Amino acid sequence: MPCGRLRFGPAGKPIDLKGDLLKAPAFLRELGLDAMEYEAVRGVNISRERAQKLGQLAREHGVLLSLHAPYYINLSSDKRTTIQASIRRVYESLLASEWMGSYAVVVHPGYYLKYTREQALKMVIDGFKKAWEKAVSDGVRNTWIAPETTGKSKQVGSVDDIIVICSNLEKCRPTVDWAHLYARSEGRFPQSLDDLIKIVERFEKELGSEVVKPLHSHFSRIEYGKGGEREHHTMAEEEYGPDFRMVCRALRETGVDSTIISESPILERDALVMKRICEEECGA
Ligand SMILES: [Zn+2]
């Protein structure tokens, strides 16, 4: 079976790009890449005008945009002020995403900490709903909330968590960070091609076929310790998992479209390595 439409690109400004971020879409197309995640990880600071300009350039160069929301989000905090600030950051991310025509707002939703899993998930869903309602009332139409599978076992963000969250929201699609799943399980999952295929199939079956058109994903090799992720590594550092070739095979076997964002320390250089590996597996 042939592969679906696979897109590749960096998490943030390409490391070899000199000058302004607005040059990124042309730079990426030149390299043969066609996706980019805009990193708002330290706060949403982009103006409407600049976001629209970036979106226009991305469309002109065939680069699909997504947006990574700030790291300082915890919708299941025990502090009311933290929850309020987190809802605000999700809302701001949705708005900026809509301005730039990005299709997905990637979010690390929260932590279990003082709550049971069920309580934490309910708080996350409530928080997302509040941010979503406000964003819709301010004109958001096309962007999706895309909670990410997270890298630490104390963080909300297992495959099951993401399915529960997205089942309860209107426009919600998973962000599958393959490395995070591997790190949060301390290398136990996913291990086999079958594990990977099952994850893709569960998302499609339980959340609908729209969420795999395309399936938004992150990849890098990753170092983990007790409790989960330590550090992202390059594709050349073969002592760290998971196995990217197997990810390509799972995408081929399931036939889904996917956006694969490189979170390697060398961003777009490794996005190209990932693209080549999937091309080999897809027989392109
Ligand atoms: Zn992330």
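Begin by selecting helix H7 together with four of its surroundings: the buried residues of H7 pack against helix H5 (159-167), strand S6 (175-177), strand S7 (215-219) and helix H8 (244-254). The model on display is a predicted one.

**Helix H7**

Restrict the selection to residues 193-207, which make up H7. This helix has 15 residues, and the distance from its first C-alpha to its last is 21 Å, close to the 21 Å expected at 1.5 Å a residue. Next, show the side chains of Leu-196, Ile-199, Val-200 and Phe-203, the buried residues of H7. They cover an arc of only 90° around the axis, and therefore lie on the same side of H7. Turn then to the other side of H7, where Asp-194 and Lys-205 are exposed. Finally, step past the end of the helix to Gly-208, which follows H7 and has a positive phi, near 100°.

**The open sheet**

Select strands S2, S3, S4 and S5 next. These 4 strands form an open sheet in the order S2-S3-S4-S5, with parallel pairing. Its edge strands are S2 (35-39) and S5 (144-147), each of which pairs on one side only. Viewed across the sheet, neighbouring strands are turned by 30° against each other on average, direction ignored. In general, strands of a sheet pair through backbone hydrogen bonds, either parallel or antiparallel.

Within this sheet, select residues 64-68 and 104-107, which are strands S3 and S4. The two run parallel and are joined by 2 bridges. Here His-68 stands opposite Val-106 in S4.

Move on to the pair S4 and S5, where the parallel pairing extends over 4 bridges. Val-107 stands opposite Pro-147 in S5.

Remain on S5 and display its side chains. In a regular strand the side chains alternate between the two faces of the sheet. Trp-144 and Ala-146 point one way from S5, whereas Ile-145 and Pro-147 point the other way. Are these residues of S5 buried or exposed? All of them are buried.

**The nonpolar core**

The last selection concerns the largest nonpolar core, which has 87 residues. Which residues have the most contacts inside this core? They are Val-90, Ala-96, Val-105, Val-124 and Val-247.

Centre the view on Val-124 to conclude the tour. Leaving aside its neighbours within four places in sequence, Val-124 is in contact with Leu-75, Ser-76, Pro-109, Gly-110, Val-156 and Ile-165.

How values were computed. Residues are numbered from 1 along each chain as its sequence is written. This is a predicted model: local features need pLDDT of at least 70, side-chain atom pairs count only at pLDDT 80 or more; totals for chains, interfaces and linings use all residues. A nonpolar core is a set of buried Ala, Val, Leu, Ile, Met, Phe, Trp, Tyr and Cys residues joined through C-beta atoms within 7 Å. A residue is buried if 20 or more other C-beta atoms lie within 10 Å of its own, exposed if 12 or fewer, and partly exposed in between; C-beta atoms are placed from the backbone. Two residues are in contact if their C-beta atoms, placed from the backbone, lie within 7 Å. Two strands pair if DSSP finds at least two bridges between them. Axes are lines fitted to C-alpha atoms, for helices over the stretch in contact, and angles run from 0 to 180 degrees between N-to-C directions. The expected span of a helix is 1.5 Å times one less than its number of residues. The arc is that of the directions from the helix axis to the C-beta atoms.
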